[in-house]
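Trainee: Got a minute to go through this one with me? I'd like to start with the ligand.
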Amino acid sequence: MGTGLDKETLELTMDAIREFAEAKLPAAKLLELDARDEFPEQIVRGMCGAELGVQLLFIPEEFDGMGGGAFDVYRVCEEMARIDLGVATGVLATFLGCDPLVYGGTHEQKKKWLGRIANEGLLMAYGATEPEAGSDLAALRTTAAAVIRDGEVVGYKINGAKQWISNGGVADLYSVLALAPGGPSWFIVEAGAPGFTHGKPEDKHGIRASNTAALSFNDVYVDADRLVGGEEGKGLIQAQLVFGYTRLMVAAFGLGVGWAALDRAIPYSTGRIQGGSPLSEKQGYTHKLIVPHAVRLEASRAYIEETAERLDSGEGTLNTEGAIAKYLASEAGNGAADAAIQALGGYGYTREYMVEKIKRDARITTIYEGTSEIMEMTICRDRWQVHLKTQGRHYHEQARPMEGLHERHPHVGAGVAALALHGLAEILETARVHRLTRHQHILFRLGELIAVAEGSAGLAARAARAAEGTLNPKAPTRFPAGALAAFSRIYAREAVAKVASEGMRWIGGALGGSEITELEKRLGMPAVHQSQAGLIPDMDHAADVLYDRART
Ligand SMILES: Cc1cc2nc3c(=O)[nH]c(=O)nc-3n(C[C@H](O)[C@H](O)[C@H](O)COP(=O)(O)OP(=O)(O)OC[C@H]3O[C@@H](n4cnc5c(N)ncnc54)[C@H](O)[C@@H]3O)c2cc1C
């Protein structure tokens with residue numbers, strides 16, 4: 001992936017998406033699609049075709065695309081999710097479907113298929129999940145038997161089933177993961193191939209404007225040149241290659257859908273009078289239902305942006321960072337959407353108000369492209385290895401740049417983020433000494449603590465860059481540096497409190513006794529408690545920013 005679009009092209013693309021949505025997808029239409037459980041095929045084809053051309057974003061320039069980078073894709077995915085996550089999923093499915101080709105295809109395959117997607121606006125689907133193989137993709141049962149003529153493999157016969165495939169009933173092209181003689185491999189299958197059928201659209205909880213269907217393969221023949229990369233057995237590696245990137249897209253969805261919810265709750269609460277004054281002026285309301293969610297969303301944005309920049313600079317696949325970004329943003333998006341229903345009270349609970357739909361839509365982001373639990377496992381397993389390799393120094397070392405940052409920018413929460421990282425190092429070390437990751441629950445909970453602690457460092461770094469005026473020029477500018485600093489101080493306090501209290505809880509739950517007293521000392525609990533000083537004034541300030549009442 002290259003460095004991507006220039007700022008003006010990205011902004012023009014996003015303006016075009018907004019204008020298209022304003023014209024074709026007004027709120028009443030979105031609610032109607034949801035109620036009727038209808039996929040707006042012509043609109044999605046317009047978005048991925050001549051009318052708007054969103055698909056060009058992720059197709060390299062040499063294959064007639066625009067060659068957008070990860071940062072561009074994050075901005076566009078967030079924007080689409082703000083409009084409607086179901087429609088965004090229809091577009092994302094083409095992004096995902098292409099990925100095995102983009103990252104694993106031969107030059108000829110890319111030229112043929114990516115060129116057609118760019119120029120003809122073909123819709124794609126990504127067929128990995130099966131009825132018996134969801135989180136554990138390696139358990140797949142769909143087979144691709146080699147068809148041999150004169151001693152040469154001329155094609156494959158695909159047999160099996162796929163489950164929960166976005167665009168499954170409407171795509172023109174499918175990338176399908178199947179077990180070839182040499183191992184799991186991706187194949188390109190065209191709609192209408194004999195023996196290839198799909199089920200009826202699933203009646204889903206949310207993203208009802210997306211099409212999700214099961215696929216069935218009964219002796220579906222494809223020529224050998226449909227084997228992605230031309231070599232069998234590379235499928236799971238090719239799937240792994242794109243996880244950093246694809247999880248970043250779903251992270252951007254979490255961010256977009258979460259802000260879509262808050263941006264409805266905030267104006268609602270300024271107009272809604274209860275007890276003689278607007279809800280927006282009640283601290284018990286704003287500091288529970290608005291502020292913490294905005295802060296968590298912006299922490300996840302910081303992590304998304306850092307990961308996108310690293311992907312664009314060619315730093316490798318960044319699977320774990322993609323997992324952290326997805327985990328933080330999808331959980332934050334869900335939390336924000338849930339809070340928005342509460343923020344609108346009885347109105348929020350009715351289908352007439354968009355937040356009710358947004359909440360159902362948001363839920364999918366913690367399930368598809370790897371569930372939150374699988375993210376927790378991925379994050380902890382990877383960082384655990386780093387902890388072992390560095391003999392427990394990793395997170396202490398990660399804390400040091402934060403301490404340096406704190407000296408240069410004392411107001412961005414970096415000192416507290418450093419405290420969270422040091423605490424994390426102590427908890428991981430205690431877990432190592434007592435071999436506690438043999439408890440799967442502890443492993444997963446550590447995954448959460450790692451994500452939150454790294455998230456706090458990410459937001460502090462972003463707030464410092466905002467203060468220095470060195471943020472990525474393509475980053476949104478909604479919040480000034482002072483506001484980001486306040487958000488970061490709030491999030492860092494949440495992170496350190498969580499690392500310390502949850503860490504103690506789970507480690508204590510497994511050990512009890514004197515080890516806990518020892519860990520309590522090593523965590524420096526008095527400092528953790530002291531770090532909470534100033535939280536309420538910072539939340540007051542954050543509320544003022546979110547409600548446009550702030551002076552700075
Ligand atoms: C609307 C929708 C659209 C989708 N679109 C696509 C698509 O386009 N292409 C595609 O290939 N797939 C798609 N999926 C599938 C999606 O990626 C899977 O549903 C997801 O990966 C989870 O798999 P599963 O449903 O089989 O659940 P399972 O893997 O059976 O998981 C069920 C629960 O168990 C937990 N769990 C699983 N394994 C473990 C473990 N080892 N330890 C602890 N807990 C565990 C999970 O976190 C989850 O909470 C879509 C799904 C939906 C609902």
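Trainee: Which backbone N or O atom lies 2.9 Å from a nitrogen atom of the ligand?
Mentor: That one belongs to Trp-164. Keep in mind that this is a predicted model.

Trainee: OK, and which polar side-chain atom lies 2.7 Å from an oxygen atom of the ligand?
Mentor: One from Thr-371. Glu-373 also puts a polar side-chain atom 2.6 Å from a ligand oxygen.

Trainee: How much of the ligand does the protein bury?
Mentor: 68% of the 970 Å² that the ligand exposes when taken alone.

Trainee: Where does the ligand sit?
Mentor: In the largest pocket. Strand 3 (152-166), helix 13 (372-389) and helix 16 (440-468) are the elements giving two or more residues to the shell around the ligand. Strand 3 gives the most, with 3 residues.

Trainee: And which residues come nearest?
Mentor: Out of 20 around the ligand, Tyr-126, Thr-129, Ser-135, Thr-371 and Glu-373. The shell splits into 10 nonpolar, 7 polar and 3 charged residues.

Trainee: Switching topic: how many aromatic pairs are there in the whole structure?
Mentor: A search turns up 11. One of them is Trp-259 with Phe-479, a tilted pair at 5.8 Å centre to centre with 40 degrees between the planes.

Trainee: Which parts of the chain does that pair link?
Mentor: Distant ones, 220 residues apart. Trp-259 is in helix 7 (residues 235-271), while Phe-479 is in the loop between helix 16 and helix 17 (481-510).

Notes
Residues are numbered from 1 along each chain as its sequence is written. This is a predicted model: local features need pLDDT of at least 70, side-chain atom pairs count only at pLDDT 80 or more; totals for chains, interfaces and linings use all residues. Side-chain values use heavy atoms; hydrogens and water are left out. A residue is near a molecule or strand if one of its heavy atoms lies within 4 Å of it. A polar contact is a pair of N or O atoms within 3.5 Å; within protein, one must be able to donate a hydrogen and the other to accept it, and residues adjacent in sequence count only if both atoms are side-chain atoms. Accessible areas come from the Shrake-Rupley method with a 1.4 Å probe; for residues, only the protein chains shown count as cover. On a 1 Å grid over the protein atoms alone, a cavity is a set of points where a 1.4 Å probe fits but cannot get out, and a pocket is an open set with protein on both sides within 12 Å along at least five of seven lines; lining residues have an atom within 4 Å of a point. A molecule sits in a cavity or pocket if more than half of its atoms lie within 2 Å of its grid points. Helices (H or I, at least four residues) and strands (E, at least two) are DSSP runs, numbered from the N terminus. Ala, Val, Leu, Ile, Met, Phe, Trp, Tyr, Cys and Pro count as nonpolar, Asp, Glu, Lys and Arg as charged, and the others, Gly among them, as polar. Rings of Phe, Tyr and Trp (its six-membered ring) pair if their centres lie within 6.5 Å; planes under 30 degrees apart count as stacked, over 60 as edge-to-face and the rest as tilted.
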